[in-house]
Amino acid sequence: MLQQDDILADLHTHTLYSMHAFSTLYENMQCARAAGIHYLAVTDHYYGTGDRLAIKNENTRLKQVQRELARYDTVPRIIGGAEFNLGQVPVRPSILEKLVWRPIGLHSFFMSYSSVTAEGLYGMFRDAADQGYNAFAHIERKLHVIEDGRLGTSLGMRSQDLLRRIVRLAAERHIFLEVNEASLSRNEPGARERMTFWLREAKRCGCRLSLGTDAHYCEAVGRFPNAVALLDQIDYPKSLILNCDRDLLEAMANGERI
Ligand SMILES: [Zn+2]
Ligand SMILES: [Zn+2]
């Protein structure tokens, strides 16, 4: 039985650096510690505007979260990361070669949902698999945009087909699939149904999972009531959950790319 205590890491969190999140790294760390979390991935949004200040800020952030903080004996330990955007090629792809944790997901600030098709979305995931990202974030979100009528909230045939293909791609390319606590707690229409669907497919394919709260405020860090309950219900093997793998998390906190 999977329990909150088995979850050693939160692999998707935001700080003030993301600009629409509302806590400092210090506050996130305190809340993570209170939630019994040993490893905290800092996955602020990558915006990649490419101007000189942005590049300076990205370099400094990378240095802080992957090298400077490792010098202190912090609890939790910090894992360097960033959250990237499907449909956007980073201005400097070299950032991907340096970052330990590289999730990528759909974000409205980089695309127009009204113009996407299932095929277009799949192409973005396929490109991302070639470009060195190692996790697909919140794949269940927003898929109503590819269904007929677009207002439908349930799990349509196009979403099922697309999710099946994404899961297969992740299995073949050894990419983690993210179980996003915010997808379950925010009550986006259909998100729970879609996540339950893809998790069953992922279990069949032996996909490895990562769990993230996607916290934009510190009180949400490290707490996974919905994700844990759903994974327990599906009886997902603990051995396939990165957040339960102390050795791999320790390696990541030591700056090893996985
Ligand atoms: Zn955000
Ligand atoms: Zn996020």
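Which residue in strand 5 is the bridge partner of N85? The legends below describe close-up views of a predicted model, and the first of them takes up this question.

**View 1. The open sheet and its edge at strand 4.** Five strands, in the order 4-5-6-7-8, make up an open sheet in which the pairing is parallel. Strand 4 (84-85) and strand 8 are the edge strands, each of them pairing on one side only. At the strand 4 edge, two bridges join strand 4 to strand 5 (residues 103-105) in the parallel sense, and the bridge partner of N85 in strand 5 is G105.

**View 2. The zinc ion (ligand 1) and its three histidines.** The zinc ion (ligand 1) has as its protein donors H20, H45 and H216, each through its NE2 atom, at 2.0 to 2.1 Å from the ion. Along the chain these donors follow the spacing H-x24-H-x170-H. Two of them bring together distant parts of the chain, since H20 belongs to the loop between strand 1 (9-10) and helix 1 (25-34), while H216 belongs to the loop between strand 8 (209-212) and helix 8 (225-234), 196 residues apart. H20 is partly exposed, with a relative accessible area of 31%, whereas H216, at 19% relative accessibility, counts as buried.

**View 3. The zinc ion (ligand 2) and its four donor residues.** The protein donors of the zinc ion (ligand 2) are H12 and H14 through NE2, E83 through OE and D214 through OD, and they lie 2.0 to 2.3 Å from the ion. The angles among the four donor atoms run from 80 to 173 degrees, and the site is irregular. In sequence the spacing of the donor residues is H-x1-H-x68-E-x130-D. H12 is placed in the loop between strand 1 and helix 1 and D214 in the loop between strand 8 and helix 8, so this pair ties together parts of the chain that are 202 residues apart in sequence. Both H12 and D214 are buried. The zinc ion (ligand 2) is separated from the zinc ion (ligand 1) by 4.5 Å.

**View 4. The surroundings of H14.** H14 is found in the loop between strand 1 and helix 1, and its relative accessible area of 1% makes it a buried residue. When its neighbours within four places in sequence are left aside, H14 is in contact with A21, N28, T43, D44, H45, E83, D214, A215 and H216. Among these contacts, E83 and D214 are also donors of the zinc ion (ligand 2), while H45 and H216 are donors of the zinc ion (ligand 1).

**View 5. Helix 5 and the elements packed against it.** Helix 5 (residues 157-173) contains 17 residues and reaches 24 Å from its first C-alpha to its last, close to the 24 Å expected at 1.5 Å a residue. Its buried residues are S159, Q160, L162, L163, I166, V167, L169 and A170, and they pack against helix 4 (118-130), strand 6 (135-136), strand 7 (176-180) and helix 7 (191-205). After helix 5 comes H174, which has a positive phi, near 55 degrees.

**View 6. The largest nonpolar core, with W198.** The largest nonpolar core has 67 residues, of which F136, L177, W198, L199 and Y236 touch the most other members. Helix 5 gives the most to this core, with six residues. Not counting residues up to four places away in sequence, W198 touches I139, E140, L163, V167, L177, E178, V179 and L209. A second core, separate from this one, has 14 residues, including L8, A41, F176 and L249.

**View 7. Two partly exposed residues, K98 and G36.** K98 is in helix 3 (residues 94-98) and is partly exposed, with a relative accessible area of 46%. Residues up to four places away in sequence not being counted, K98 touches L62, Q66 and R257. K98 and E256 are 158 residues apart in sequence, yet their C-alpha atoms are 9.4 Å apart in space. G36, in the loop between helix 1 and strand 2 (39-42), is likewise partly exposed, with a relative accessible area of 38%. The C-alpha atoms of G36 and I7 are separated by 8.3 Å, and the two residues are 29 residues apart along the chain.

Methods. Residues numbered from 1 in each chain as written. Chains lettered and ligands numbered in written order. Predicted model: local features only at pLDDT ≥ 70, side-chain atom pairs only at ≥ 80, totals over all residues. Heavy atoms only, no water. Helix = DSSP H or I, 4+ residues; strand = E, 2+ residues; numbered from the N terminus. Expected span 1.5 Å × (residues − 1). Buried < 20%, exposed > 50% of the residue type's maximum accessible area, 1.4 Å probe, protein only. Contact = heavy atoms within 4.5 Å. Core = buried A, V, L, I, M, F, W, Y, C linked by side-chain atoms within 4.5 Å. Donors = N, O, S within 2.8 Å, 3.2 Å for Na, K, Ca; no water. Tetrahedral: all angles 85-135°; square planar, octahedral: opposite > 155°, others 65-115°. Pairing = 2+ DSSP bridges.
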